[in-house]
Amino acid sequence: MTGTAAPFAADDYRARMERAARSAAEAGLAGLLVAPGPDLVWLTGYAPTAVTERLTLLVLAPGQDPVLVVPTLEAPDAGKAAGASALTLRDWTDGKDPYAATAALLDAGGRFGISDNAWAMHLLGLQKALPGTSYASLTEALPMLRAVKDAAELGLLAAAGAAADATFEEIRKVPFGGRRESEVAADLAGLLRRFGHSQVDFTIVASGPNGANPHHEVGDRVIERGDMVVLDFGGLKDGYGSDTSRTVHVGEPTDEERRVHDLVRAAQEAGFRAVRPGVPCQEVDRAARAVIADAGYGEYFIHRTGHGIGVTTHEPPYMIEGEEQPLVTGMCFSVEPGVYLPGRFGVRIEDIVTVTEEGGRRLNDTTREMVIVD
């Protein structure tokens with residue numbers, strides 16, 4: 001996580017913590033335990049500069065004021081967080097038992113949601129201090145906790161998307177042929193930062209046969225004339241994520257390459273058109289997948305159609321078969337179908353989409369047509 005939180009006020013964080021505590025109660029939980037990571041940033045604005053073996057834990061429970069348990073030496077920084085005035089800091093010093101201090105805040109027989117990235121040693125320490133407690137991962141217990149964005153969050157996501165779009169408009173101008181994938185990836189990272197990203201999470205440049213691997217690790221392959229090149233890049237700007245994919249071609253494409261690109265573009269459009277409030281997430285996947293399957297390429301679409309985005313670049317909800325969670329106005333997620341032909345090439349087209357009362361709105365606006373590069 002970046003240490004730069006989005007510009008929200010203490011009242012925003014207070015409202016989030018209150019909503020999270022209510023959601024916990026509705027889910028039958030005694031409370032939530034939130035370790036350093038994206039959930040803590042979203043709830044409090046606090047992102048420790050270093051996550052260590054010392055316990056830091058936000059305790060949220062219905063009817064109780066939020067408490068952040070922190071090591072004494074980190075309490076000054078925690079006290080400067082944007083949401084600090086909306087909670088109580090309870091610090092503990094080296095040599096004391098942080099689990100005993102935390103246990104005093106908990107229902108000794110309660111079931112708690114705990115953030116997925118909590119350290120095992122901390123969970124085991126709590127279980128030892130309170131043997132009657134039980135725990136569920138936060139993603140399992142409250143998967144939609146951060147899924148619905150408010151107007152300010154949507155504005156930040158839109159700005160991050162615009163920065164990613166500006167990056168694509170610049171990268172399409174640079175030479176591709178004769179350069180290594182790693183060199184183009186470095187260009188992408190530099191452009192994301194130039195357009196305001198504080199954190200670059202990924203810069204996939206998958207040329208030629210490498211494009212058939214959706215999560216290709218950038219390497220030293222020299223991009224050749226005639227290559228299809230999948231570009232997938234994003235990160236965090238002002239604490240909120242971007243993620244977009246476009247597939248370009250070095251020189252003129254073959255008829256088959258153009259046909260597959262047009263197919264993926266049609267599938268991406270179908271997925272986007274399926275977005276509207278109340279529709280199960282899986283219907284977005286089904287709509288995009290049907291276009292590709294009907295064209296005879298179904299076995300080459302090998303991943304889900306989309307994932308949520310917010311203070312991280314991948315989070316719930318997921319656009320995948322079996323996910324019956326209805327879409328809600330304010331949800332944001334990717335729509336990114338692809339076709340991957342082993343040993344030959346791949347195509348992926350991805351936009352971030354938000355659910356509106358009327359349907360969906362794209363947060364990426366660069367062309368989805370075939371782009372020819374040098």
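**Buried strands, cysteines and local backbone features**

In this predicted model, V353 has a relative accessibility of 0% and therefore counts as buried. The residue belongs to strand 16, which covers residues 351-355. When neighbours within four places in sequence are set aside, the contacts of V353 comprise F272, V275, M331, C332, F333, V335, G360, R361 and R362. The C-alpha atom of V353 is also separated by 5.7 Å from that of L363, although the two residues are 10 residues apart along the chain.

One of the contacts of V353 is C332, a cysteine that is itself buried, with a relative accessibility of 0%. The cysteine sulfur closest to that of C332 is found in C281, at 12 Å, which is too far for a bond. For C281, in turn, the closest cysteine sulfur is that of C332, and the distance of 12 Å again rules out a bond because a disulfide requires a pair of cysteine sulfur atoms within 2.5 Å. C281 likewise counts as buried, at 0% relative accessibility. The count of disulfides under this criterion comes to zero.

Strand 8, formed by residues 228-237, is largely enclosed by the rest of the structure, because 10 of its 10 residues are buried. The pairing of this strand involves several partners. With strand 7, which spans residues 199-207, strand 8 pairs in the antiparallel sense over eight bridges, and within this pairing V205 has L231 of strand 8 as its bridge partner. Strand 10, made up of residues 244-250, runs antiparallel to strand 8 and is joined to it by six bridges; here M228 is placed opposite H249 of strand 10. Strand 9, consisting of residues 240-241, is also antiparallel to strand 8, and two bridges join these strands, with K237 standing opposite Y240 of strand 9.

Strand 8 and strand 9 form a hairpin with two residues between the strands, and in this hairpin D238 takes a positive phi near 50°. D238 is located in the loop between strand 8 and strand 9, and the positive phi of about 50° occurs there although the residue is not a glycine. Whereas the residues of strand 8 are buried, D238 counts as partly exposed, with a relative accessibility of 36%, a value that lies between the limits of 20% for buried and 50% for exposed residues.

A further backbone feature concerns the peptide bond that joins P316 and P317, which is cis, with omega at about 5°. P317 is found in strand 12, a strand that comprises residues 315-319.

At the surface, V51, W119 and M121 make a nonpolar patch of about 270 Å². Of these residues, M121 lies in helix 5, which extends over residues 120-129, and its relative accessible area of 41% makes M121 partly exposed. The patch residue M121 thus stands in contrast to V353 of strand 16, since M121 is partly exposed and V353 is buried.

Notes: Residues are numbered from 1 along each chain as its sequence is written. This is a predicted model: local features need pLDDT of at least 70, side-chain atom pairs count only at pLDDT 80 or more; totals for chains, interfaces and linings use all residues. Side-chain values use heavy atoms; hydrogens and water are left out. Buried means under 20% relative accessible area, exposed over 50%, partly exposed in between (1.4 Å probe, protein chains only). Helices (H or I, at least four residues) and strands (E, at least two) are DSSP runs, numbered from the N terminus. Two strands pair if DSSP finds at least two bridges between them. Patches are made of residues with over 30% relative accessible area and no salt bridge: like charges are joined within 9 Å, nonpolar side chains (Val, Leu, Ile, Met, Phe, Trp, Tyr) within 5 Å. Accessible areas come from the Shrake-Rupley method with a 1.4 Å probe; for residues, only the protein chains shown count as cover. A salt bridge is a side-chain nitrogen of Lys or Arg within 4 Å of a carboxyl oxygen of Asp or Glu. Contact means heavy atoms within 4.5 Å.
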